[in-house]
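Please open the model in your viewer and keep the sequence panel beside it. The stops below say what to select next and what is to be found there.

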Amino acid sequence: MAIDERDLLQLQRALDLAESAVGRSEPNPRVGCVLHDAAGRLAGEGATQAAGDAHAEVVALRQATANGADLRGGTAWVTLEPCSHHGRTPPCCDALITAGLARVVVATIDPNPQVAGAGVRRLREAGLNVEVADGLPLARRARELNIGFFSRMMRGRPWVRMKLAASLDGKTALPDGQSQWITGEAARSDGHAWRRRAGALLTGAGTVLADDPRLDVRLVPIDRQPLRVVVDARLQCPARSRIFAPPGQVLVYCATDVPSPEAAASGVERIKLPDDNGKVHLPGMLDDLARRGINELHVEAGEKLNASFLREHLVDELLLYLAPTVLGAGLDMFAGPTLARLADAPRLVFAEATPVGHDLRIRARFVGRDAFLA
């Protein structure tokens, strides 16, 4: 039985449910599940909960039980292949099999090597009819929703999104550093919605010293604050900096053994990771963040650290808010080297351009960075 219009409609609903897991499910992927009984009636639905709690399939099954539904001969629509291994929770495959379902429709295969087709195989071996939507636009949406999870599983590093706010002439601040506020309230709230997507928010020592940011999610609701990360090669940031204030954990990546002023701040972990130039080894930092389960890394830094990320080819996507104003002299988005040829400039493709309040949100991806989603 092939995937039909009804399947596409239910997968759309499951994807909407999966969206609700943004800001809650890290480091697990955002997954949605819809269950119908054999007569085609809605029995239960759900989305992934916090790590260690129920996956989407189990949430939907619990709701079906609470509704008194009989799932024997029914169908499940799931946005990601059900897990087949024991992690913090038992395999979702087993729960679907035990429920007596006859059919499972999956939007896309799980990239986790511990699953990667094993879930589908296990369901089929138990006699269930399993359809996979890979190749359909819905499958791409399911992967896009979990772009960081796919990146971590397939590339061994987080998806790096760099956020910038600038004037039409590309200035992020006046020469004296004044930058509050170039963009409007709607753009600032939207920026916090993108912060909510991330497993970690990163900035540099220069930004901490100049602006003393909190670097958390405040302007939109969230169940779980992202990890905060500071790149501070020489350990310059004082313990009183707002970014170190509880609650929440902070990682400081440095390149020195000098006793750190932030060591007095609670909840701060220091990781020495120098490169050959006495700065923080940024590729190694991404590797470490991936090992810690970070799927999406959201960077809000100054022109020097931004340029370092670009120079190391570590940025996957730019999230740029352009304000309808011109500042003239001021700080640039990137303090990069002068190019000798236009051909040396990195190439990007626009993913979107959307008005947000009085400002314009532009997302642009470096060419080829999302090839693993194909």
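## The whole chain

Of the protein's 374 residues, 52% count as buried, where buried means under 20% relative accessible area, exposed over 50%, and partly exposed in between (1.4 Å probe, protein chains only). The model is a predicted one, in which local features need pLDDT of at least 70 and side-chain atom pairs count only at pLDDT 80 or more, while totals for chains, interfaces and linings use all residues. Residues are numbered from 1 along each chain as its sequence is written, and side-chain values use heavy atoms, with hydrogens and water left out.

Colour the model by secondary structure, and ten helices and 16 strands can be picked out; helices (H or I, at least four residues) and strands (E, at least two) are DSSP runs, numbered from the N terminus. The radius of gyration is 23 Å, close to the 21 Å that the globule rule gives for 374 residues, so the protein is as compact as a globular protein of that length. That radius is taken over C-alpha atoms, and the globule rule is 2.2 Å times the number of residues to the power 0.38. Show the C-alpha trace alone, and its span along the principal axes is about 70 × 45 × 35 Å. With contact meaning heavy atoms within 4.5 Å, 70% of the contacts between residues at least 6 apart in sequence join residues at least 24 apart.

## Helix α2 and A56

Select A56, which has its place in helix α2 (residues 56–66). Its relative accessible area is 0%, so A56 is buried. Leaving aside neighbours within four places in sequence, A56 is in contact with V31, G32, C33, G46, A47 and T48. Add A21 to the selection: A56 and A21 lie 35 residues apart in sequence, and their C-alpha atoms are 9.4 Å apart in space.

## A cis bond and the largest cavity

Move next to the loop between α1 (5–19) and β1 (32–36), where P27 is placed. The peptide bond joining E26 and P27 is cis, with omega about 0°.

E26 also belongs to the lining of the largest cavity, together with N28, P29, R30, L145, N146, G148, F149, N295 and E296. On a 1 Å grid over the protein atoms alone, a cavity is a set of points where a 1.4 Å probe fits but cannot get out, whereas a pocket is an open set with protein on both sides within 12 Å along at least five of seven lines; lining residues have an atom within 4 Å of a point. The search of the whole structure finds one cavity of 30 Å³ or more, and about 30 Å³ of space lies in the largest cavity. Its lining divides into three nonpolar, four polar and three charged residues.

## Helix α7 and the loops around β9

Select H192 in helix α7 (residues 185–197). H192 counts as buried because its relative accessibility is 6%, and, not counting residues up to four places away in sequence, H192 touches D216, V217, R218, L219 and V220.

Go on to D212, in the loop between α8 (205–211) and β9. D212 is not a glycine, and yet its phi is positive, about 50°; at 28% relative accessibility, D212 counts as partly exposed. What is in contact with S241, once neighbours within four places in sequence are left aside? The partners are V208 and D212. S241 itself has its place in the loop between β9 and β10 (250–254), and at 5% relative accessibility it counts as buried. P247 is placed in the loop between β9 and β10 as well, and the peptide bond from P246 to P247 is cis, with omega near 0°.

## Helix α10 and the second largest pocket

Finish at helix α10 (residues 303–311), which gives the largest share of the lining of the second largest pocket, four residues. The buried residues of α10 are L305, N306, A307, S308 and F309, and their cover includes β6 (159–167), β8 (200–204), β9 (227–231), α9 (282–291) and β12 (296–299). Select H313, in the loop between α10 and β13 (317–323): H313 has a positive phi of about 60° although it is not a glycine, and H313 is exposed, with a relative accessible area of 57%.

The second largest pocket holds about 600 Å³ of space, a volume being the space filled by probe spheres set on the grid points, which are joined across faces, edges and corners. Of the 20 residues lining this pocket, the closest to its centre are L310, P337, L339, A345 and P346.

How values were computed
Nonpolar A, V, L, I, M, F, W, Y, C, P; charged D, E, K, R; others polar.
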